[in-house]
Amino acid sequence: MPTLSHDAFDLHSADQVPDSYSWPSSFLHDHPSPHRTPSTPSPSSTFQPSAASLVGAACRSFGVFYATATASPPTSSAMSKLRPGASSPSPSTGNSSPPVFPASSRAMAGLLSLPSSPNSCDDEMTDRAGLMKEMILAVDALQLNSYPPCPEPEKAMGMAPHTDSGLLTVLHQNGGTRGLQILRGENGSGPARWVAVPPLAGALVIHVGDLLQILSNGQFRSVRHRAVVNAAEHRISVAYIIGPPGHVKTN
Ligand SMILES: O=C(O)CCC(=O)C(=O)O
Ligand SMILES: [Fe+2]
């Protein structure tokens, strides 16, 4: 039976980050200070009839959006409390946080039907939507991520920048501690910058994965993201990864 090494680095008692764990400062710009997210999405009285198209637009612009269990998106005043500039659930190209949508079956069905355009080949799109539904029924995995407080967060990285390889990732950020950031502007839409995706009470974060980017002919973005650490709070996130079985080949 394998035994744990007593030489392993003890994250809980360390008072500094060893050089071997340090990241170059160029990776760590824009480091947020930890703070708890005060806002709770409050239901809006107006139903968004075009939730599916808004979700599609969010997947094209951000590659990520919030899904709430409420019947409708939060009001713009709840969004504006999230962070300055995040005043609307509509996708935008600015620095704002990803938009928030109700996780209605209509919105998710819209996402899985893929965006349509006058030039798109209906048969092919229908085939692809069918394939994705098959895949979604096929495989999923749960990944637990634990980020203990770090004595020198400006030197360390919780999870390195990456894109998710599956179709969709559904992320739960435990508690109110920030850490998740997405890279905006990577596709030339502006200067590249890391934008916080803070936990929003009652909402899950949905990421487009590499496979959905491929299956949508690049219309949906598998956005690069990372998790930063902080000195004060232990952060936990749970990623529910939806993807195809190992034998599926994508081309
Ligand atoms: O902890 C986070 O917020 C990010 C987790 C993540 O990106 C992942 O599990 O793929
Ligand atoms: Fe990820």
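Visitor: Which residues make a nonpolar surface patch of about 340 Å²?

Guide: Good place to start, and please keep in mind that this is a predicted model. One member of the patch, Leu144, lies in strand β3, which covers residues 139-147. The nonpolar patch of about 340 Å² is made by Leu142, Leu144 and Tyr240.

Visitor: Is Leu144 buried or exposed?

Guide: A residue counts as exposed when its relative accessible area is over 50%. Leu144 has 65% relative accessibility, so it counts as exposed.

Visitor: What does Gln143 touch, not counting residues up to four places away in sequence?

Guide: Let's begin with where Gln143 sits: it is found in strand β3. Because its relative accessibility is 34%, Gln143 counts as partly exposed. Leaving out residues up to four places away in sequence, Gln143 touches Met159, Ser237, Val238, Ala239 and Ile241.

Visitor: How many Å apart in space are Gln143 and Leu171, C-alpha to C-alpha?

Guide: In sequence, Gln143 and Leu171 are 28 residues apart. In space, their C-alpha to C-alpha distance is 9.4 Å.

Visitor: What is the order of strands in the open sheet of four strands?

Guide: Here is a bit of background: strands of a sheet pair through backbone hydrogen bonds, either parallel or antiparallel. In this open sheet the pairing is antiparallel, and the order is β4-β9-β6-β7.

Visitor: Which are the edge strands?

Guide: An edge strand here pairs on one side only. From one strand to the next, the twist averages 25°. The edge strands are β4 (159-162) and β7 (193-196).

Visitor: Which residue in β9 stands opposite Ile182?

Guide: Strand β6 takes in residues 180-184 and strand β9 takes in residues 225-227. These two run antiparallel and are joined by three bridges. Opposite Ile182, in β9, stands His225.

Visitor: And which residue in β7 is the bridge partner of Leu183?

Guide: β6 and β7 pair in the antiparallel sense, over four bridges. In β7, the bridge partner of Leu183 is Trp194.

Visitor: Which residues cover the two sides of β7, buried or exposed?

Guide: On one side of β7 are Arg193 and Val195, and on the other are Trp194 and Ala196. Both faces of the strand are covered, and these four residues are all buried.

Visitor: Which side chains meet in a salt bridge?

Guide: Side chains of opposite charge can pair when their charged atoms come close. The structure holds one salt bridge. With a distance of 3.5 Å, N to O, its partners are Glu152 and Lys155.

Visitor: Is Glu152 buried or exposed?

Guide: Buried means under 20% relative accessible area. Lys155 has a relative accessible area of 30%, so Lys155 is partly exposed. Glu152 has a relative accessible area of 16%, and therefore Glu152 is buried.

Visitor: What is the phi of Asn217?

Guide: Asn217 has its place in the loop between α5 (210-215) and β9. Asn217 counts as exposed because its relative accessibility is 56%. Although Asn217 is not a glycine, its phi is positive, at about 55°.

Visitor: How many helices and strands are in the chain?

Guide: Let's step back to the whole chain, which has 251 residues, 43% of them buried. About 12700 Å² is exposed, and carbon and sulfur atoms supply 56% of that area. As for the elements in the chain, there are five helices and ten strands.

Definitions and conventions:
Residues are numbered from 1 along each chain as its sequence is written. Chains are lettered from A and ligands numbered from 1 in the order in which they are written. This is a predicted model: local features need pLDDT of at least 70, side-chain atom pairs count only at pLDDT 80 or more; totals for chains, interfaces and linings use all residues. Side-chain values use heavy atoms; hydrogens and water are left out. Two strands pair if DSSP finds at least two bridges between them. Axes are lines fitted to C-alpha atoms, for helices over the stretch in contact, and angles run from 0 to 180 degrees between N-to-C directions. Patches are made of residues with over 30% relative accessible area and no salt bridge: like charges are joined within 9 Å, nonpolar side chains (Val, Leu, Ile, Met, Phe, Trp, Tyr) within 5 Å. Accessible areas come from the Shrake-Rupley method with a 1.4 Å probe; for residues, only the protein chains shown count as cover. A salt bridge is a side-chain nitrogen of Lys or Arg within 4 Å of a carboxyl oxygen of Asp or Glu. Buried means under 20% relative accessible area, exposed over 50%, partly exposed in between (1.4 Å probe, protein chains only). Contact means heavy atoms within 4.5 Å.
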